[in-house]
Amino acid sequence: MSIHNHSEPHLEEEDILQAVIDNTDLSVLQQQHLVECSQCRTRREQLEQELARLGQLAERYAPKPHKRIIVAEQKVRSPFLNWRIAFSAAAVATVILVVWGTSLIQNQQQGSIGNLAQDMVEAERLMTQVNILVENALPQVYLDIVGETSLNLDEDFMDFLIPTNESAARIPASAKKGSILC
Amino acid sequence: MTPSTHNAPGSQTSDIQLAQLVKQASDGNRFAFEQLIDHHQGDIYRMIYYRIRARMDAEDLTQDVFIRAFRSISRLREPDRFRSWLFRIAVNRVNDYLRKKRVRSIFKSSDESPDIQPETTHFQEQPEALEQVLKEDFWRQIGRIAKKLSKMEREVFMLRFLDHLNINETAQTLKKSESTVKTHLYRALAKFKKEKALRQFLQEDIT
């Protein structure tokens, strides 16, 4: 910063900038010169006007806000509020637990009864098949060959087919295989 | 609550009244805080708009600034610093917004420019076509000079000449010393002086 001599007495460009920012940062002599010199004053005022106009235009060219600012009301909390919230939460949790537990137990019971019934049905079905096989162990294809699906095989016929010791004793010796002499 | 126009700080009575309102608001007086909103809403809204150039986002951020201020006004020790404190909240919110926008722009397609583009209004909505052209030209010029300034230069320049904060308020807002603010302001002004187009625009407007 310097003040020029009488032939070149004006403030430097940076002094003008300093004056715009804060006039008191200039030296006393520079401040004095600024008061007396209309040319330097004009330079400063012109720059100040431009900057002021900059601010005015920015304000003018900014759109107006449409929204109303609402600051949410800060609710005053009762000291018992937290207890109430905790109690309510505990009550709700208890109800949920009870309902959930009851339904769980019911589901388990229903599940065991259902399983038992199914087991019984399967056992009955198995026994039916076993009984059928006891009655007639021949597969269906052999029954078809025989021509009768329901053979009435009574005890006498079975004895004839497979004689017991007693029945064998009642058969005459002549009727026995290999007893007749050729 | 109608947004207020720019207030002219400096009136002694007004400053005392504002300090009282701030004190009352910090004691929990909601009505006092609403009066403070009325008084500062326009300034804060514009301050945000100048930096993000999107009206609706600026409105949302303005609301957010006042909500944050309301929550923490009880911690404000010096009521006469309310204005710079409010601007400080706004500066931080704007920086957050721009940071998020920059991050989001990474995930957008490359043809979408992350730079701030002035919000344009359709001509059919704005009958004064010349005014619209001038407006767009003005914001373009502002965007051009903003790019030439460093972050701190830009911030002090805008706070001082667009937001009308004095040196002391600017220093408080940015939590810098006054001499630091003046240094950055000096550099910013030197660059502004070189912006012939913008200065010509302003000079034409003055004459």
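The following exchange concerns a predicted model of two chains, A and B.

Biologist: How many helices and how many strands does chain B have?

Modeller: Read along its sequence, chain B follows the pattern α-α-α-α-α-α-α-α-α. The count for chain B is therefore 9 helices and 0 strands.

Biologist: What is the secondary structure of chain A?

Modeller: Along the sequence, chain A follows the pattern α-α-α-α-α-α-α. The secondary structure of chain A thus comes to 7 helices and 0 strands.

Biologist: What percentage of the residues counts as buried in chain B, and what percentage in chain A?

Modeller: A residue counts as buried if 20 or more other C-beta atoms lie within 10 Å of its own. Chain B has 207 residues, and the buried portion is 34%. For chain A, with 182 residues, the value is 11%.

Biologist: In chain B, what share of the contacts with a separation of 6 or more comes from residues 24 or more positions apart, and what is the corresponding share in chain A?

Modeller: In chain B, residues 24 or more positions apart account for 64% of the contacts with a separation of 6 or more. In chain A, among contacts between residues at least 6 apart in sequence, the portion joining residues at least 24 apart is 40%.

Biologist: Are H2(B) and H4(B) roughly parallel or roughly antiparallel?

Modeller: Helix H2 (residues 30-52) of chain B and helix H4 (residues 82-107) of chain B pack with their axes 10 Å apart, at an angle of about 30°. Angles under 35 degrees count as roughly parallel, so the orientation of H2(B) to H4(B) is roughly parallel.

Biologist: How do the residues of the contact of H2(B) with H4(B) divide by class?

Modeller: H2(B) passes H4(B) in a right-handed crossing. On the side of H2(B), the residues are B:His40, B:Ile44, B:Met47, B:Ile48, B:Arg51 and B:Ile52, and they meet B:Arg83, B:Leu86, B:Phe87, B:Ala90, B:Val94, B:Tyr97 and B:Leu98 in H4(B). By class, the residues of this contact are 10 nonpolar, 1 polar and 2 charged.

Biologist: Which residues touch the most other members of the largest nonpolar core?

Modeller: This core has 60 residues, and its largest share, 9 residues, comes from H2(B). B:Ala90 touches B:Ile44, B:Met47, B:Ile48 and B:Val65, leaving aside residues up to four places away in sequence. In soluble globular proteins, nonpolar side chains tend to be buried together. The members that touch the most others are B:Ile48, B:Leu86 and B:Ala90.

Biologist: Is B:Arg160 buried or exposed?

Modeller: B:Arg160 is found in helix H6 of chain B. Not counting residues up to four places away in sequence, B:Arg160 touches B:Leu165, B:Thr170 and B:Leu185. Although B:Arg160 and B:Thr170 are 10 residues apart in sequence, their C-alpha atoms are 6.8 Å apart in space. Because 24 other C-beta atoms lie within 10 Å, B:Arg160 is buried.

Biologist: Which class does B:Lys175 fall into, buried or exposed?

Modeller: B:Lys175 lies in the loop between H7 and H8 of chain B. Phi of B:Lys175 is near 55°, a positive value in a residue other than glycine. Because B:Lys175 has 10 C-beta neighbours inside 10 Å, it counts as exposed.

Biologist: Where is B:His164 found, and what is its phi near?

Modeller: B:His164 is found in the loop between H6 and helix H7 (167-174) of chain B. With 19 other C-beta atoms within 10 Å, B:His164 is partly exposed. Its phi is positive in a residue other than glycine, near 65°.

Biologist: Are H1(A) and H3(A) oblique or roughly parallel to each other?

Modeller: Helix H1 (residues 13-21) of chain A and helix H3 (residues 38-61) of chain A pack at an angle of about 55°, with axes 10 Å apart. The contact joins A:Ile16, A:Ala19 and A:Val20 of H1(A) to A:Arg43, A:Arg44, A:Leu47 and A:Glu48 of H3(A). These residues divide into 4 nonpolar, no polar and 3 charged. The angle makes the two helices oblique.

Biologist: How many nonpolar, polar and charged residues has the side of chain B that touches chain A?

Modeller: In this interface, 34 residues of chain B are in contact with 25 residues of chain A. Several helices of chain B each supply at least two residues of that side, among them H2, helix H3 (55-72) and helix H5 (129-148). By class, the side of chain B has 21 nonpolar, 6 polar and 7 charged residues.

Definitions and conventions. Residues numbered from 1 in each chain as written. Chains lettered and ligands numbered in written order. Predicted model: local features only at pLDDT ≥ 70, side-chain atom pairs only at ≥ 80, totals over all residues. Axes fitted to C-alpha atoms, helices over the stretch in contact; angles between N-to-C directions. Helix = DSSP H or I, 4+ residues; strand = E, 2+ residues; numbered from the N terminus. Parallel < 35°, antiparallel > 145°, perpendicular 65-115°, else oblique. Left-handed = near helix turned anticlockwise from the far one by under 90°. Contact = placed C-beta atoms within 7 Å. Nonpolar A, V, L, I, M, F, W, Y, C, P; charged D, E, K, R; others polar. Buried ≥ 20, exposed ≤ 12 C-beta atoms within 10 Å, placed from the backbone. Core = buried A, V, L, I, M, F, W, Y, C linked by C-beta atoms within 7 Å.
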